[in-house]
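User: I should like to learn how to read selected features of a protein model. Could we proceed step by step?

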Amino acid sequence: MTGEAYVNNRKSKLIFFYEWVLELEWTGKIEGDEDEYSGKIKIPNFSEEFTIKEVDFEVSASGSTKGDKQLKELLKGHVPVLRAKLETYLKELKEEYSKDLILPTKSGDELTDSAKVPAKSSTSLTSGSAALSAAENGAAPKQPTVGVRIATENLHLTEEFHCTAEDIYRAFTLKEMVQAFTRSNVVLEAEKGGKFSLFNGMVEGSFVELEKNKKIVQRWRFTSWPAAHYSLVTLRFDQTESGTMITMDQTGIPSNDFIRTKDGWKRYYWDSLKVTFGFGAMLS
């Protein structure tokens, strides 16, 4: 099982994201037959991009004997049971895990928060019944093995902020300011070699280089990426007459997470910085 699920609370609206590739193993016997048969059921596209009815179930058998084919067809008939388990998982995601995410402030506004949802897993099926890996024993998703070659892409963004270069540099290097615009628990050691952890542990990395008010270089990763895989983020701050232009270059982004990464910079960095500190307003 690979993938992740999380919930974002954005302006009093809960947004659910999940993307799983599930692979279940089954074993079974046929009455009057001493042989034991086995195979797999793969669910490759269980994500918010597809409705439950559109999710695929690929049933296979390890062999090609008559018994293998018989049990394979039997399990195909139990796909509705699996689909129901998926619906149960989504119900728990949207009801149980969202209960405490909307946190009102003293002003009556609501904080943006995000929470990792623990995966619930089991990996076995028996003849005549099926159990979905997302609905059994609470095990966390397993990260891909270190050393796997993955396709990557590079990202180049520019964004103008109506503040000084010193202001925006401080917003990236002072823990109190980072906690404010990420609206999350933060670990931040703004020094060469120092570690950081943002968005309640969803993003982590370390500082490679800091040039005050001019440049920050970070090793940066989503914790859902393959273990030990980091991208390299370079932020350059150029002060202009009207404010400060940030140029952001990020190399080594896993191709299958490029869109989420790109959208995240705009939504959870640029937009949040402007809203939190007023950096979207013109300097007087």
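**Reading loops and a helix pair**

Analyst: With a relative accessible area of 57%, A228 is exposed. The model is a predicted one.

User: Where does A228 lie, and what is the sign of its phi?

Analyst: A228 is found in the loop joining β11 (215–222) and β12 (231–239). Its phi is positive, about 75°, although A228 is not a glycine.

User: F199 also has a phi to be read; what is its value?

Analyst: The phi of F199 is near 50°, which is positive in a residue other than glycine. F199 sits in the loop between β9 (195–198) and β10 (203–211).

User: Is F199 buried or exposed?

Analyst: F199 has a relative accessibility of 10% and therefore counts as buried, the cut-off for that class being under 20%.

User: How is a pair of packed helices described?

Analyst: The description uses the angle between the two axes and the distance between them. Here, the axes of helix α3 (residues 165–173) and helix α4 (residues 175–182) come within 5 Å and cross at roughly 85°. Because of that angle, α3 is roughly perpendicular to α4, a label that covers 65 to 115 degrees.

User: Which residues of α3 and α4 meet?

Analyst: From α3, the residues are D167, R170, A171, F172 and T173; they meet K175, M177, V178 and F181 of α4. By class, the residues of this contact comprise five nonpolar, one polar and three charged.

Terms used:
Residues are numbered from 1 along each chain as its sequence is written. This is a predicted model: local features need pLDDT of at least 70, side-chain atom pairs count only at pLDDT 80 or more; totals for chains, interfaces and linings use all residues. Side-chain values use heavy atoms; hydrogens and water are left out. Axes are lines fitted to C-alpha atoms, for helices over the stretch in contact, and angles run from 0 to 180 degrees between N-to-C directions. Helices (H or I, at least four residues) and strands (E, at least two) are DSSP runs, numbered from the N terminus. Angles under 35 degrees count as roughly parallel, over 145 as roughly antiparallel, 65 to 115 as roughly perpendicular and the rest as oblique. Contact means heavy atoms within 4.5 Å. Ala, Val, Leu, Ile, Met, Phe, Trp, Tyr, Cys and Pro count as nonpolar, Asp, Glu, Lys and Arg as charged, and the others, Gly among them, as polar. Buried means under 20% relative accessible area, exposed over 50%, partly exposed in between (1.4 Å probe, protein chains only).
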